[in-house]
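The exercises below are to be worked with the sequence and the model open side by side. Each task is followed by a solution in steps.

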Amino acid sequence: MACTASDLAPLLSATVNSTEAATYLCSQFSSMASQLSDTAYAVNNTYLLFSAYLVFAMQLGFAMLCAGSVRAKNTMNIMLTNVLDAAAGGLSYYLFGYAFAFGSPSNGFIGRHFFGLREFPTSQADYSFFLYQWAFAIAAAGITSGSIAERTQFVAYLIYSSFLTGFVYPVVSHWFWSRDGWASPFKSHNNLLFGSGAIDFAGSGVVHMVGGIAGLWGAFIEGPCIGRFDRSGRSVVLRGHSASLVVLGSFLLWYGFNPGSFFTILQSYGDSREYYGQWSAEGRTAVTTTLAGSTAALTTLFGKRLLVGHWNVVDVCNGLLGGFAAITAGCSVVEPWAAIICGFIACWVLIGCNKLAKKLKYDDPLEAAQLHGGCGTWGLLFTGLFAKEAYVNEVYPKIPNKAGRPYGLFMGGDGKLLAAQIIQILVITGWVTMTMGPLFYGLHKLKLLRISSGDEMAGMDLTRHGGFAYAYHDEDDQ
């Protein structure tokens, strides 16, 4: 709202002291505009802060999921690693990670401002944005901890978690989410990757693939748990001790990432429908998330029934999470019916990756690399195929001197978006391999990665943490 006394004075010419009256009216308009602006900032920051809390609650979901998926003798260990992902990740992301990710202005590879949150907040980002991005960073570390559960030394968790959240993950998020990133769809100038930039709305690649591929290298270098494969090489199931905790964790992971990744809620799309705006897109995002996860869960239920002959709640929960990992990239730019296709195929991607893992004698107690890495990869491809033109143009900034943005190939697009998605898959795989692979290999060579066979057989709760997580009997009962 803008107002000047010179504009109003002629309209008040019949009034005594018309200039003073116009000045007074303009001051009132300016006061109202300032209050409305303050209210918009407050509402949007409150929405983002609430979303950050919701994403952080996913850390509890990861903790419950991990605890239920390991054997009882390692429960305390895996719970502690999840706590340390948040704590160590908090400091490393504060000192370095946020600056590398969103330290604008910068080059296309890495950020270079706001180390230790100096000269912060800015007109572009407030503290709630930092908190939201930190919650994402520790989620990637939590994925990796599941892959190397039950056999990893405590010091290795501290080292890899700090390195992942302080450097590896922030560089990837800078590429695809910062306004300066070389493959970001948010770049303000007209030199986007394939004229599009890679669309990864809430992190199928940035979070799920990064965490999954890091876990893949950690688990591969460590080798399988003792007893995971018998002498003839056949797979032996080492069942987690609590399906109840797995279900609880899965429900806590349902909505975390996706709707909050709009960052604001008070934004109109200029549509003729007054009831339609960014608030509607956020609702649609929650719906596509639900449909993809639900479809993947039901497909897993019946698919595993046909393959193994019984109904398994843990498998269904993993299928549910596979659907969530896949839809995360395109949740804001696809129709609800497309989300059903996404979830259906995500289930079979997960099943196929698990079969390949058994063949290669690869051991991941939580199927984290297969679930997050495999389904996250499918999610990026899915977005390149099914992103709807209207939704892409609503959610992402307009490109100067162009009528619209590239969109999904199967929705009538020209394939540029799909090409950008493929590039994202390749560079994330290469970057995480080049950084996390040598780190895990170095820890292995220094004998800091894997615990001894005796400690592994007895369980880390007893040998490394002073006792079991559960009281199996009453010590006072003689």
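**Exercise 1. Decide whether Ser-161 is buried or exposed, and describe its surroundings.**

Solution. The model is a predicted one. Start with accessibility: the relative accessible area of Ser-161 is 1%. Buried means under 20%, so Ser-161 is buried. Next, locate the residue: Ser-161 belongs to helix α5, which spans residues 154-177. Last, list its contacts, leaving out residues up to four places away in sequence: Ser-161 touches Leu-84, Asp-85 and Ala-141.

**Exercise 2. Classify Gly-181 by accessibility and find what it contacts.**

Solution. Gly-181 sits in the loop between α5 and α6 (204-222). Its relative accessible area is 0%, so Gly-181 is buried. Beyond its neighbours within four places in sequence, Gly-181 is in contact with Gly-108, His-174, Trp-175 and Lys-187. For a distance check, take Ala-63: Gly-181 and Ala-63 are separated by 118 residues in sequence and by 32 Å in space, C-alpha to C-alpha.

**Exercise 3. Compare the accessibility classes of Asp-455 and Ser-453.**

Solution. Place both residues: Asp-455 is in helix α14 (residues 453-458), and Ser-453 is in helix α14 as well. Apply the cut-off of 20% for buried. Asp-455 has 19% relative accessibility and therefore counts as buried. Ser-453 has a relative accessible area of 48% and is therefore partly exposed. The contacts of Asp-455, not counting residues up to four places away in sequence, are Met-460, Thr-463 and Arg-464. Ser-453 and Tyr-53 are 400 residues apart in sequence, with their C-alpha atoms 39 Å apart.

**Exercise 4. Find the backbone details in the loops that concern proline and phenylalanine.**

Solution. Begin with the peptide bonds. The bond from Ser-104 to Pro-105 is cis, with omega near 0°. Phe-120 and Pro-121 are also joined by a cis peptide bond, with omega about 5°. Pro-105 is in the loop between α3 (75-102) and α4 (127-147), and Pro-121 lies in the loop between α3 and α4 too.

Then turn to phi. Phe-194 has a positive phi near 55°, and Phe-263 has a positive phi near 75°. Phe-194 is in the loop between α5 and α6, whereas Phe-263 is in the loop between α7 (243-252) and α8 (278-308). With 40% relative accessibility, Phe-194 is partly exposed; at 27%, Phe-263 is partly exposed.

**Exercise 5. Set two annotated transmembrane regions against the helix content of the model.**

Solution. The unreviewed UniProt entry annotates several transmembrane regions, including residues 91-110 and 197-220. Residues 91-110 are 60% helix and 0% strand, with end C-alpha atoms 19 Å apart. Residues 197-220 are 71% helix and 0% strand, and their end C-alpha atoms lie 32 Å apart.

**Exercise 6. Does the radius of gyration agree or disagree with that of a compact globule?**

Solution. For 478 residues, a compact globule would have a radius of gyration near 23 Å. The chain has 25 Å, which agrees. Along the principal axes, the C-alpha atoms fill a box of roughly 100 × 50 × 45 Å. The chain holds 15 helices and 0 strands, and buried residues make up 55% of its residues. Of the contacts between residues at least 6 apart in sequence, 75% join residues at least 24 apart.

Definitions and conventions
Residues are numbered from 1 along each chain as its sequence is written. This is a predicted model: local features need pLDDT of at least 70, side-chain atom pairs count only at pLDDT 80 or more; totals for chains, interfaces and linings use all residues. Side-chain values use heavy atoms; hydrogens and water are left out. Helices (H or I, at least four residues) and strands (E, at least two) are DSSP runs, numbered from the N terminus. The radius of gyration is taken over C-alpha atoms; the globule rule is 2.2 Å times the number of residues to the power 0.38. Buried means under 20% relative accessible area, exposed over 50%, partly exposed in between (1.4 Å probe, protein chains only). Contact means heavy atoms within 4.5 Å. UniProt positions are given in the numbering used here, feature names are shortened, and annotations may be inferred rather than shown by experiment.
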